[in-house]
Amino acid sequence: MQSLYLIVVLSVTWLALCFAMWRLHRARLYRKLEPDASILITYASQTGNAQAIAKRCATALNLSENSSVIALNALTLEHLCNIEKILFVVSTYGDGEAPDNGSLFTKLAKALSNNPLNHLEYSVIALGDKAYPEFCAFGYQINQTMLSAGAQLLGDVITVDNYNEQTTKLADITPGWIKIDHELTLNPAIKSLQYWQLTQRKLLNPDCNDEKLFQLSFKSIGPFPSWQAGDLIDIQPHQSTDIVERWLLKNKFNGNTWLTHQGHQQPLRAWLLARELPENCLYSLDELLIKLPYLHKRSYSIASVSQEGELQLIVRLVEKDKPASIFGLASGFLSHDCEIGHIIEGQIRDVSSHHNIDQSQPIILIGAGSGLAGLKAQLAARTFSKHKQTGDSWLIFGERNSNPILPINQQLFTLQETQLTKLNCAYSQINSQDAHQGDLTHRKYPKYVQEILLNEQHALKEWVEEGAVIYVCGCLSGMGEGVHQALIEILGQSTLETLQLQQRYIRDVY
């Protein structure tokens with residue numbers, strides 16, 4: 001009888017504790033506005049751009065960042081009914097979709113059909129990339145939802161194409177009711193440009209004939225910056241020297257001509273490495289550096305943490321045309337053209353939505369290919385954690401070839417021995433040894449990481465019930481989408497949404 005009584009008491013205590021933790025989390029997530037608050041800023045940001053803009057706008061309006069800036073997923077009908085004005089700062093992600101921290105807006109939109117917002121004024125800043133057909137689609141979706149609910153749009157939807165935090169001025173991308181000095185850049189707190197020297201480049205899959213995978217190491221030139229696992233680095237790519245020389249010859253410019261621009265002086269051919277080069281140039285020599293735009297920067301997940309003393313990247317070399325050895329612009333620059341000792345420009349970007357992982361809790365790391373970068377950084381963060389005891393770590397990873405002598409697989413085995421509680425691998429190609437044996441139907445390993453999830457769903461559910469964080473890193477198309485659908489099938493849509501709200505389902509996918 002006493003044992004039964006003890007069990008009941010412990011069960012009630014445990015339920016009470018869970019309820020208290022849920023209430024605390026909900027209170028933090030759904031912040032109450034200050035009593036006199038009339039303006040709210042909400043963001044949807046996959047890589048931190050929209051969130052950074054939202055914070056700068058709050059500063060310009062003298063609003064409290066803690067109470068007046070929230071993720072779109074945390075926006076409620078109560079918020080909208082109790083304010084007079086709202087600013088949406090949202091990115092479009094994937095194929096016209098919402099970022100993860102804005103994906104629940106569709107549920108709120110349904111509630112608005114029965115709750116008119118005639119009292120509310122709003123503006124939309126929509127970030128996107130014109131290279132994709134669904135340019136700023138999510139921003140326009142929010143605008144249509146708010147118009148349908150009776151809210152009044154102030155001005156037009158402001159669209160931002162491939163924004164650059166170093167050069168974009170806040171006043172150029174914000175509505176008129178936010179009064180900003182036109183000379184201010186997007187983020188006045190941005191540090192000076194960061195430069196990195198390539199110290200090592202290692203081919204991780206030498207037996208792979210397509211899409212080689214490289215691990216690159218850099219040392220900082222100047223003060224060593226700090227960053228956290230989950231942060232990105234924006235790399236300024238360069239054209240190959242052959243492309244620049246052919247362009248100079250065709251357009252009859254002397255590449256040895258020295259030009260001064262923004263206080264720096266170097267030969268014309270050096271200036272053109274980082275510029276877009278139109279096939280036929282109509283500009284004079286004096287106009288070139290003003291008229292030719294810089295190549296768009298490329299974002300990469302960082303594969304190390306600053307405590308390790310070096311910056312690491314893992315890059316998949318994209319080959320567009322094998323016979324002609326035409327490589328992807330950024331991957332070709334980092335994996336092929338940039339030589340050891342060369343210095344590149346790379347700005348670290350804080351992505352706070354990838355931070356704040358409780359290192360004492362279990363973590364499930366899922367990825368493939370170059371996605372190993374973000375997963376390695378999360379494991380490194382645990383190594384340097386101040387927690388006396390970190391939670392268990394489970395890595396689920398997919399690559400091409402299972403050959404154990406490949407450096408990529410050697411790294412996985414080392415991680416298994418030193419940092420992992422559990423390791424599962426998937427390989428899309430049959431090992432050459434198996435092929436020689438004529439066994440083409442039997443597979444020692446699953447082909448895709450989502451197969452592992454389905455095969456291990458019982459263990460996955462147990463880890464999630466024990467508080468595990470799910471962190472996905474890699475390509476959105478294929479792996480990212482397949483993993484997401486598998487998690488919905490295993491955990492259910494509602495549970496996955498709850499994990500998103502609790503920041504326990506984090507996607508660093510591209």
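**A buried strand and an open sheet**

All six of the six residues in strand β1 (residues 39-44) are buried, so the strand is largely enclosed by the rest of the structure. Here, buried means under 20% relative accessible area. Keep in mind as you look around that this is a predicted model. Let's start with β1 and then turn to a sheet of five strands.

**Strand β1 and its partners**

- Both faces of β1 are covered. On one side you will find I39, I41 and Y43, on the other L40, T42 and A44, and all of these residues are buried.
- Which strand is joined to β1 by six bridges? That is β3 (residues 85-91), and the two strands run parallel.
- To see this pairing for yourself, look for T42, whose bridge partner in β3 is F88.
- Strand β2 (residues 69-71) also runs parallel to β1, and three bridges join them.
- In β2, the residue opposite Y43 is A71.

**The five-stranded sheet**

- In what order do the five strands of the open sheet stand? The order is β19-β18-β17-β20-β21, with parallel pairing.
- Why is one side of β19 (422-427) and of β21 (505-509) left without a neighbour in the sheet? These two strands stand at the edges and each has a single partner strand, so there is no neighbour on the other side.
- From one strand to the next, the twist averages 10°.

**A closer look at β17 and β20**

- Strand β17 (residues 363-368) and strand β20 (residues 469-474) run parallel and are joined by five bridges.
- A pair to find here is L365 and Y471, where Y471 in β20 stands opposite L365.

Methods:
Residues are numbered from 1 along each chain as its sequence is written. This is a predicted model: local features need pLDDT of at least 70, side-chain atom pairs count only at pLDDT 80 or more; totals for chains, interfaces and linings use all residues. Side-chain values use heavy atoms; hydrogens and water are left out. Two strands pair if DSSP finds at least two bridges between them. Helices (H or I, at least four residues) and strands (E, at least two) are DSSP runs, numbered from the N terminus. Axes are lines fitted to C-alpha atoms, for helices over the stretch in contact, and angles run from 0 to 180 degrees between N-to-C directions. Buried means under 20% relative accessible area, exposed over 50%, partly exposed in between (1.4 Å probe, protein chains only).
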